Amino acid sequence: MTIGLNLPEILQDAPEKTALIEQLLDIGVALSDTNDLGQLLNLILSKSLEITLSDAGSLYLVDSRDERGKLLFKAAQNASLPMLSFNEFAMPITPQSLAGYVAITGESLNLPDAYNLPDSVPYRLAKGFDLDIGYRTCSVLVLPMQNRQREVIGVIQLINRKVKAGVKITGENAKELTQPYSEWEERIVRSLASQAAISIERNQLQENIENLFEGFVKASVQAIEARDICTSGHSERVAELTVRLAREANLVERGSLAFVRFDNCQIKEIRYAALLHDFGKIGVPEAILNKGKKLYKEQLETIRQRFAVARRTLELESARAKYDYLLKNSSYPHQHEKQKECPYCQLIENEESILREKTSQLDAYWEVLLKANEPNILAEEPLQQLRELSQYAYEDIDGSLKPLVTAEEIMQLTVPRGNLTPEERLAMEAHVTYSYEFLKRIPWTNKLKQIPEIAYGHHEKLDGSGYPRGLKQEKIPVQTQMMVIADIYDALTAGDRPYKRGLPTENALRILREEAARNKINGELLELFQQREVFAVLGHSLESGKE
């Protein structure tokens, strides 16, 4: 939106202003190329000062989030006092201040001398600031910055249009070395303010989009951790490690990593991919996701009850044998002079011995079961005992014979490594594909479009032995190779897993070096990870090993 410029009239009025028009166009291009809001605001202000020969100025943004409305003091410059520092602050929007009046009315103010204002106007200059810094404000031009809907989103305030470039304004010479702003400056700055408003709105829109993505990513991570409490914080730690490793790679000047460079947008892309790499776990059954041992808690409790029934059955069988003997024999123990000649006493001793032997066997089986239930590598001896246990049957309360431990439970207990059966592991590994399918549905911006692909490969190995696609090194993005190292390191050192204890840093690095030697992970990235102590971002060190 461009306001109030009649190009033929301008060119006829002052041919030398052609250069200024070109400068204005250059300013428009510069405004379009600037993405940082702080840089953008200072650029708007400095260019406004430059084309009007203003000595000083300030820029305010309207804070629409406040119901009563506030002006945010965002930028200030003073050529005569370049060392003067300014701090951002907020002030209420009222017609008593120059900027507040313009923000409320949308009108511009062109004041030849801000110290001498008519009594009929509501606004006044705050002279206290001049007194504090030894300055004198004379001519002032205050203009609104309006968006496409004609809403005021900010205010530009220019101070002291100089009679000559380069002069220094003081409290004593201000009236002599300054002049009022002409209609020409007002029209030019109004045009610039319109361009600036569009640039600011575009920048704010971009910032809102980024905040939206940031909020979405954080909410997604929170959703993952709500289902997988035992790995709470894992995604954030992996993101911190991966981003740090990427920044360290930017500093490498030799080797293959010398060609690896990431700009700020790519670093953000890496961070989002790392934060969301496990989002697909939201599609994994919760029982599998939070499974700490080989048997589920409900299964172990059911088996415990079976063992209790089996024990009670043995006790009842022993008692029944004693009772049946008494019914069949009319003689009593006291009729025998010597206890060793008492058949009933011998029966009791035999039955109790048998009961002790059988219950001891049950206790031994229970201990074997508990040990086998741990997610450790299973030795041959427990495996043999589990095979015996699989043949054990007990009499249930309905009189039927049932296996003490079912075939399915035995299959789970005999998992040689870890705590998941092959079927459960496939279900868990599917989270990688779930993550990719979810992430690729999101309309990422062009600068973030690689997020799904980066996250997709975080369980791939350089030799092709990873999953789900079995990719080899040349097909795995280097960002993903960095994430793989971070993911494995955190899995090894985290102390929040129910099925294992966290390892010290040195032990984790040793395992990672073994993986690199087997061409599973990138050895050059691992060396950088270790040499630059990337793990220090988590508070880890080689000395203490842990946070």
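**Entry 1: Lys 440**

I began with Lys 440, which is found in the loop between helix H15 (422-439) and helix H16 (451-456). The model I am reading is a predicted one. I looked up whether Lys 440 is covered: its relative accessibility is 44%. Partly exposed lies between the 20% and 50% limits, so Lys 440 counts as partly exposed. I then took the C-alpha separation between Lys 440 and Tyr 456, which comes to 10.0 Å. Along the chain these two residues are 16 apart.

**Entry 2: the chain as a whole**

I looked up the totals next. The chain has 547 residues, and 46% of them are buried. I noted 19 helices and nine strands for its secondary structure. For the contacts, I considered pairs at least 6 apart in sequence; 66% of these join residues at least 24 apart. The chain exposes about 28,900 Å². Carbon and sulfur atoms supply 51% of that area.

**Entry 3: H8 and H17**

I turned to helix packing. Two packed helices are described by the angle between their axes and the distance between the axes. For helix H8 (residues 234-249) and helix H17 (residues 478-493), I found that the axes come within 8 Å and cross at roughly 135°. Angles over 145 degrees would count as roughly antiparallel, and H8 and H17 are therefore oblique to each other. I recorded the crossing of H8 and H17 as right-handed.

Which residues of H8 and H17 meet? On the H8 side I listed His 234, Arg 237, Val 238, Leu 241, Thr 242, Leu 245, Ala 246 and Ala 249. On the H17 side I listed Gln 479, Met 482, Met 483, Ala 486, Asp 487, Tyr 489 and Asp 490. I sorted the residues of this contact of H8 with H17 into nine nonpolar, three polar and three charged.

**Entry 4: H7 and H9**

I did the same for helix H7 (residues 183-227) and helix H9 (residues 264-275), whose axes come within 10 Å and cross at roughly 25°. Angles under 35 degrees count as roughly parallel, so H7 is roughly parallel to H9. The crossing of H7 and H9 is left-handed.

From H7 I noted Glu 210, Phe 213, Glu 214, Val 217, Val 221 and Ile 224 at the contact. They meet Lys 268, Arg 271, Tyr 272 and Leu 275 in H9. How do the residues of the contact of H7 with H9 divide? I get six nonpolar, no polar and four charged.

How values were computed. Residues numbered from 1 in each chain as written. Predicted model: local features only at pLDDT ≥ 70, side-chain atom pairs only at ≥ 80, totals over all residues. Heavy atoms only, no water. Helix = DSSP H or I, 4+ residues; strand = E, 2+ residues; numbered from the N terminus. Buried < 20%, exposed > 50% of the residue type's maximum accessible area, 1.4 Å probe, protein only. Contact = heavy atoms within 4.5 Å. Areas by Shrake-Rupley, 256 points an atom, 1.4 Å probe, with all protein chains shown as cover. Axes fitted to C-alpha atoms, helices over the stretch in contact; angles between N-to-C directions. Parallel < 35°, antiparallel > 145°, perpendicular 65-115°, else oblique. Left-handed = near helix turned anticlockwise from the far one by under 90°. Nonpolar A, V, L, I, M, F, W, Y, C, P; charged D, E, K, R; others polar.
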